[in-house]
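Got the sequence and the 3D view open? Take a minute to turn the model around, then use this briefing as a guide.

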Amino acid sequence: MKLLWAGPAAILILSFAPHATSFTPISSTTISTAATVHARTTVSLADSARFDLLYEDLDLQGLALSKEAFHKAVLGFLTLQMNGTIQNPDVLSIIDFSLPSTQKRLFVIDMLNGRLLFNTFVAHGRNSGGLMATRFSNRTNSFMSSLGFYLTGDAFFGQHGYSLRLQGIERGWNDHAFARRIIMHPAGYVSEEHIQQWGFLGRSEGCPAIPEELDGAIIDEIKGGSCLFLYAPSYGRNRRPATVLS
C-alpha cells in the first residue's frame, strides 16, 4: 500500500502499476462507469472529511480552488488508481475553469506527501470564452477546451517547445483530445504581462498552455501517466455538461 497523504488523517490507497516510461493511447473509458463499480470502495478509502483536511492544510480555499473541483478530482483520481489506470500516482493536477484566466487556476498536488507543488496560470481554448471559459467541446477544430479526466503521456519537443502529450479518457467529453493534438505546452501569452496589457490571458486552440518559465518543471513532474482533471461548474451535470458539443 502507498501513503496518499502523510498527515494526521492519512489516506491509504493501493498502487497497481509502476511509473510509465512511454505513452500508448488507451481505449476510451468513462469515469462515471468506473465510479459506479468502485464507488463503495473509493468512499471507504477516502471520505469527504479527509478530503477537507487536505484541502484546508494546503489552504486551497485561500487560493480559490473550488471545493467541488477538488472533491471531484480526488474521487476520480482514487477511482482511476483503484482500477489501475493511473501509472504515475504521485501527483494530481487540477485546472479549475470556474476561475477567470487572470487567476492562477492550475494546481499540481503531491499526493504522497500532501504538498502543493505548483499553482500558476493556464490558458483555455480561444472559442471557450474570453476572461472566463464557459463553452467546451470534444469536437475537432472547435478550438475549445474539453473538460474531464486525462492521463499524461510523454514529454517531447514540438513547435511550441517542451510539451506534454495528453490522453482524454472520458467518452464524449474529451476522448478526441489525442486526435485533436491537445497537449500541454508553454506560451508567451500565459503571463502577467499579457494580463496587464489585455485584461486576460491569451488563448490556445484548446490546449492547456502554461507559462514558459515553468514548462520544464511542471511537465517533468506530471508526465508518465499521472491524472489531470479539467473542471468547470457544468462538469458532471446530467452525466455530461450542457455546454459540451457532440
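Here is a quick tour of the nonpolar cores, the salt bridges, one helix, one loop residue and the cysteines.

Keep in mind that this is a predicted model. Its largest nonpolar core holds 54 residues, and a search of the whole structure turns up five salt bridges and zero disulfides.

**The nonpolar cores**

- Start with the largest core, where Leu-60, Phe-70, Leu-92, Ile-94, Phe-97 and Met-184 touch the most other members.
- Helix H3, which covers residues 67-82, gives this core its largest share: seven residues.
- Phe-70 is a good one to click on, with contacts to Phe-51, Leu-54, Tyr-55, Leu-60, Leu-65, Ile-94 and Ile-109, leaving out residues up to four places away in sequence.
- There's also a second, separate core of seven residues, and among them are Ala-187, Ile-195, Leu-201 and Ala-209.

**Salt bridges**

- Side chains of opposite charge can pair when their charged atoms come close.
- Lys-67 and Asp-52 make one of these salt bridges, at 3.9 Å from N to O.
- That pair links distant parts of the chain, since Lys-67 sits in helix H3 and Asp-52 in helix H2 (residues 48-57), 15 residues apart.
- Lys-67 has a relative accessible area of 35%, so it counts as partly exposed.
- Lys-72 and Glu-68 form another salt bridge, also 3.9 Å from N to O.
- This time both partners, Lys-72 and Glu-68, belong to helix H3 and are four residues apart, about one turn of the helix.
- Lys-72 is partly exposed at 26% relative accessibility, and Glu-68 is partly exposed too, at 39%.
- Asp-220 pairs with Lys-223, and their closest N and O atoms are 3.4 Å apart.
- Both of those partners are partly exposed: Asp-220 has a relative accessible area of 42%, while Lys-223 comes in at 34%.

**Helix H5**

- Which residues of helix H5 (residues 215-222) are buried? They are Asp-215, Ile-218, Ile-219 and Ile-222.
- These buried residues lie on the same side of H5, because they cover an arc of only 95° around the axis.
- After H5 comes Gly-224, which has a positive phi, near 85°.

**A serine in a loop**

- Ser-101 is in the loop between strand S3 (91-96) and strand S4 (106-110).
- Is Ser-101 buried or exposed? Its relative accessibility is 1%, and buried means under 20%, so Ser-101 counts as buried.
- Skipping neighbours within four places in sequence, Ser-101 is in contact with Phe-121, His-124, Gly-130, Leu-131, Ile-195, Phe-200 and Leu-201.
- Two of those contacts may ring a bell: Ile-195 and Leu-201 are also in the second core.

**Cysteines**

- A disulfide is a covalent bond between the sulfur atoms of two cysteines.
- How many disulfides does a search of the whole structure find? The count is zero.
- Cys-207 is buried, with a relative accessible area of 9%.
- Cys-227 is buried as well, at 0% relative accessibility.

Notes:
Residues numbered from 1 in each chain as written. Predicted model: local features only at pLDDT ≥ 70, side-chain atom pairs only at ≥ 80, totals over all residues. Heavy atoms only, no water. Core = buried A, V, L, I, M, F, W, Y, C linked by side-chain atoms within 4.5 Å. Buried < 20%, exposed > 50% of the residue type's maximum accessible area, 1.4 Å probe, protein only. Helix = DSSP H or I, 4+ residues; strand = E, 2+ residues; numbered from the N terminus. Contact = heavy atoms within 4.5 Å. Salt bridge = Lys/Arg side-chain N within 4 Å of Asp/Glu carboxyl O. Arc of directions from axis to C-beta. Disulfide = S-S within 2.5 Å.
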